[in-house]
Amino acid sequence: MPDRPPATLRLRVDEAALKANWKTLDRLSGHAQTGAAVKADAYGLGVEHCVPALREAGARHFFVAHWSEVEPVASLAQGCSIAVLHGPMTAGDVSFAEATGAVPVINSLAQAKLWREQGNGPCHLMVDTGINRLGISMQDIGDPLLQMLEIKVLMSHLASADESSGQNALQLDRFRQASANLPHEALSLCNSAGIAMGEGYHFDLTRPGLSLYGGVPRPELSGHIRQVAFPQASVLQLRQISAGDSVGYNATFTADRAMRVAVISLGYADGFLRTRGPEGALGWEDVALPILGKVSMDMIVVDASNALNLGEGDWLDVPFDLPDNAAKSGLSQYELLTTLGNRFDRSVL
Ligand SMILES: *Cc1c(COP(=O)(O)O)cnc(C)c1O
């Protein structure tokens with residue numbers, strides 16, 4: 001096969017902003033060390049673009065969710081620790097951990113037993129302090145099996161760190177209780193939002209993800225976190241439509257005048273879900289081009305009446321200020337990042 005031609009979608013990862021965000025979160029983490037959650041292909045931005053930058057910034061502890069995510073990170077993060085958050089489900093997972101040096105996060109008594117019987121090296125332990133997602137239940141922390149594990153990092157995960165919720169203090173209290181009862185070398189509780197809640201939550205290691213990539217889950221972080229991802233989509237075609245013509249699936253937009261419109265290569269598979277259409281616009285040299293009608297599979301149509309020099313093949317900016325986009329679309333900042341898909345040509349700059 002010849003090299004494929006360039007895509008009609010591109011995503012610039014601002015390396016300086018990514019590094020600055022890690023450093024900001026590291027500073028806010030006080031005395032704790034700062035890791036980096038790079039699961040889901042660095043939240044959609046691409047591990048090959050993010051891991052080297054995070055490592056250069058100073059990150060040494062990386063977190064992925066799946067065993068399939070170990071190899072791509074390991075090849076970019078020699079000498080660093082890679083933790084697998086979902087833990088081992090099979091003997092195959094355990095031998096993979098041993099072969100790669102990836103550290104399993106043990107999430108249940110069943111996983112603890114499996115690890116003890118099949119592998120039994122150092123591991124991390126996740127305690128569930130209230131999210132009821134993964135982790136050893138508080139009523140099981142006294143189980144003798146856990147005392148036999150070689151636990152490096154004892155961790156828990158906050159459910160509502162992005163809100164001023166009473167659940168945060170409750171989880172903190174339970175985490176302290178768990179730490180008094182379980183062996184560990186280090187303690188880790190905070191995600192990005194947790195870091196902004198102050199010293200009492202920091203312990204020895206923090207695990208930011210979202211805010212590395214430009215997410216602002218709490219107001220305290222606003223103004224300190226920079227946008228990292230800059231998507232652009234190109235003009236596939238310019239069309240002239242007449243008054244009375246409709247645009248897109250279900251004809252939800254009808255022109256009341258003759259218009260120049262541009263068909264853009266951007267759709268559901270690129271994370272541009274229908275909820276981002278109404279009231280939305282793309283940008284071209286400081287001109288906002290309003291989206292017309294519904295996002296229609298792989299394309300959207302914008303009003304190009306005010307962009308007379310716009311040509312086919314030109315690039316439009318897709319607004320990607322995460323808190324702003326989340327507020328307008330009803331999607332979470334996590335969803336906006338992780339649904340970007342694999343049709344963008346990604347590059348670091
Ligand atoms: C995803 C994840 C993180 C990072 O959370 P953010 O909210 O993205 O900062 C930290 N710890 C665990 C266990 C996670 O699953």
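In this predicted model, a polar backbone atom of glycine 209 lies 2.9 Å from an oxygen atom of the ligand. Two side chains also place polar atoms at the ligand. For lysine 39, an N or O atom of the side chain is 2.7 Å from a ligand oxygen. For tyrosine 334, the separation between a side-chain N or O atom and an oxygen of the ligand is 2.5 Å. On its own the ligand has 390 Å² of accessible area, and the protein covers 94% of this area.

The ligand is located in the largest pocket of the model. Its surroundings comprise 14 residues, of which the closest are Lys39, Tyr43, Ser192, Leu210 and Tyr334. Lysine 39 and tyrosine 334 thus appear both among the closest residues and among the polar contacts described above. Sorted by class, the shell contains seven nonpolar residues, four polar residues and three charged residues.

The model also contains an open sheet built from seven strands, arranged in the order β3-β4-β5-β6-β7-β8-β9 with parallel pairing. At its edges are β3, which spans residues 36-37, and β9; each of these strands pairs on one side only. In general, the strands of a sheet are joined by backbone hydrogen bonds, in either a parallel or an antiparallel arrangement.

Several of the pairings can be described in detail. Strand β4 covers residues 61-64 and strand β5 covers residues 81-84; the two pair in the parallel sense through four bridges. Within this pairing, histidine 61 is opposite serine 81 of β5.

Further along the strand order, β7 (residues 122-126) is paired with β8 (residues 150-155), again in the parallel sense and over four bridges. Here methionine 126 faces methionine 155 of β8. Strand β8 in turn pairs with the edge strand β9. This pairing is parallel, has three bridges and involves residues 186-188 of β9. The bridge partner of methionine 155 in β9 is serine 188. Methionine 155 is therefore matched with a residue in each neighbouring strand, methionine 126 in β7 and serine 188 in β9.

Definitions and conventions
Residues are numbered from 1 along each chain as its sequence is written. This is a predicted model: local features need pLDDT of at least 70, side-chain atom pairs count only at pLDDT 80 or more; totals for chains, interfaces and linings use all residues. Side-chain values use heavy atoms; hydrogens and water are left out. A residue is near a molecule or strand if one of its heavy atoms lies within 4 Å of it. A polar contact is a pair of N or O atoms within 3.5 Å; within protein, one must be able to donate a hydrogen and the other to accept it, and residues adjacent in sequence count only if both atoms are side-chain atoms. Accessible areas come from the Shrake-Rupley method with a 1.4 Å probe; for residues, only the protein chains shown count as cover. On a 1 Å grid over the protein atoms alone, a cavity is a set of points where a 1.4 Å probe fits but cannot get out, and a pocket is an open set with protein on both sides within 12 Å along at least five of seven lines; lining residues have an atom within 4 Å of a point. A molecule sits in a cavity or pocket if more than half of its atoms lie within 2 Å of its grid points. Ala, Val, Leu, Ile, Met, Phe, Trp, Tyr, Cys and Pro count as nonpolar, Asp, Glu, Lys and Arg as charged, and the others, Gly among them, as polar.
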